[in-house]
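This report goes through a single chain, from strand pairing to annotated positions and overall dimensions. The sequence and structure are shown first.

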Amino acid sequence: MEIKIFETSEQLDSYAAELFTQLLNEKPNAVLGLATGSTPIGIYDKIVENFNHNKVSFSGATTYNLDEYVGLTPENDQSYAYYMNRHLFSRIDIPSSQTHLPNGMAENPEEECTRYDALLNAHPADIQLLGLGHNGHIGFNEPDGELSAGTHVVKLKEETREANARFFASMDEVPKEAYTMGVGSILKANTILLVVRGSDKARIVKEALTGPITTQVPASLLQTHPRVIVLLDREAGRML
Ligand code: GLP
């Protein structure tokens with residue numbers, strides 16, 4: 001595991017954006033696993049900057065997102081589909097047919113999981129971007145006695161709903177369920193890029209990276225992967 005701690009968030013963003021830029025320059029048809037939440041926003045901004053300076057093109061890339069809320073349409077400004085369009089897809093040259101997320105409005109959730117898994121299995125990610133939940137979740141793989149390998153619907157923990165409530169008008173509007181890529185699919189990525197910011201995540205960063213491997217801290221499973229790059233700001237790395 002390669003751990004890099006940055007003095008400023010901007011340095012972290014530039015470094016991460018550079019990794020995506022280099023990958024796409026070497027492999028224009030790369031498969032990118034993407035994430036949402038507040039953590040990747042600065043990285044997406046830097047990627048767009050690189051795109052605007054003609055340093056990178058996404059015309060051949062394919063993307064697969066980690067997760068999506070059940071019951072939110074892509075037009076709902078809290079859906080992850082909306083987030084991705086707003087922060088990245090509408091600002092670069094990727095055709096929409098090459099971007100993928102679980103469909104939060106699917107009529108049959110089981111079929112939706114099978115559909116998404118078939119895509120993921122056929123197109124393993126060259127790089128998978130990950131944020132980290134305060135309880136150690138990755139994607140929406142919440143701490144539990146057991147974890148699923150493939151795409152599934154999760155019942156969100158109250159602590160996760162509360163952490164994400166800041167993006168919604170009220171707690172009642174925060175969905176109770178979400179689709180998420182399973183840990184099996186996440187661990188199939190060639191390279192995993194885990195990004196964490198902020199003092200409030202320092203303890204879970206330490207637990208995930210240096211504690212025992214346990215399904216109660218889903219991110220600890222990353223310790224089993226041969227190529228994980230961890231990018232931290234000073235605050236998130238302060239307990240290492
Ligand atoms: C959310 C997302 C995760 C994200 C995490 C951290 O619930 N499903 O993919 O990594 O929580 O979010 P943030 O970056 O906003 O702290």
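## Strand pairing and annotated sites

Strand S7 (residues 152–155) runs antiparallel to S8, and four bridges join the two. The model is a predicted one. Within this pairing, Lys 155 stands opposite Glu 177 of S8. S8 (residues 177–180) also pairs with strand S4 (residues 67–69), again in the antiparallel sense, over three bridges. There, Glu 68 has Tyr 179 as its bridge partner in S8.

Strand S4 also carries an annotated position, Asp 67. The unreviewed UniProt entry lists Asp 67, Asn 135, His 137 and Glu 142 under "active site". Two of these positions, Asp 67 and His 137, are set out below.

| Residue | Location | C-beta atoms within 10 Å |
|---|---|---|
| Asp 67 | strand S4 | 22 other C-beta atoms, buried |
| His 137 | loop between S6 (127–130) and S7 | 25 C-beta neighbours, buried |

Asp 67 counts as buried because 22 other C-beta atoms lie within 10 Å, and the cut-off is 20 or more. His 137 has 25 such neighbours and is therefore buried as well.

Contacts outside the four nearest places in sequence show what surrounds each residue. For Asp 67 they include Ala 178, Tyr 179 and Thr 180, and S8 covers residues 177–180. Asp 67 is also in contact with Tyr 80, Pro 102, Gly 139, Phe 140 and Met 181. His 137, in the loop between S6 and S7, is in contact with Glu 142, Pro 143, Thr 160 and Pro 218. Glu 142, one of these contacts, is itself on the "active site" list of the unreviewed entry.

## Ligand surroundings

There are 14 residues around the ligand, and those that come nearest are Gly 37, Ser 38, Thr 39, Gly 131 and Gly 133. By residue class, the shell divides into nine polar, four nonpolar and one charged.

## The chain as a whole

Seven helices and 10 strands make up the secondary structure elements of the chain. UniProt, in an unreviewed entry, lists residues 9–226 as "domain: Glucosamine/galactosamine-6-phosphate isomerase". That span is 33% helix and 14% strand, and its end C-alpha atoms lie 26 Å apart.

The radius of gyration is 17 Å, which agrees with the value near 18 Å for a compact globule of 240 residues. Along the principal axes, the C-alpha atoms fill a box of roughly 45 × 45 × 35 Å. Of the 240 residues, 43% count as buried. Among contacts with a separation of 6 or more, 81% are between residues 24 or more positions apart.

Technical notes. Residues are numbered from 1 along each chain as its sequence is written. This is a predicted model: local features need pLDDT of at least 70, side-chain atom pairs count only at pLDDT 80 or more; totals for chains, interfaces and linings use all residues. A residue is near a molecule or strand if its C-beta atom, placed from the backbone, lies within 6 Å of it. Ala, Val, Leu, Ile, Met, Phe, Trp, Tyr, Cys and Pro count as nonpolar, Asp, Glu, Lys and Arg as charged, and the others, Gly among them, as polar. Two strands pair if DSSP finds at least two bridges between them. UniProt positions are given in the numbering used here, feature names are shortened, and annotations may be inferred rather than shown by experiment. A residue is buried if 20 or more other C-beta atoms lie within 10 Å of its own, exposed if 12 or fewer, and partly exposed in between; C-beta atoms are placed from the backbone. Two residues are in contact if their C-beta atoms, placed from the backbone, lie within 7 Å. The radius of gyration is taken over C-alpha atoms; the globule rule is 2.2 Å times the number of residues to the power 0.38. Lists of a residue's contacts leave out its neighbours within four places in sequence.
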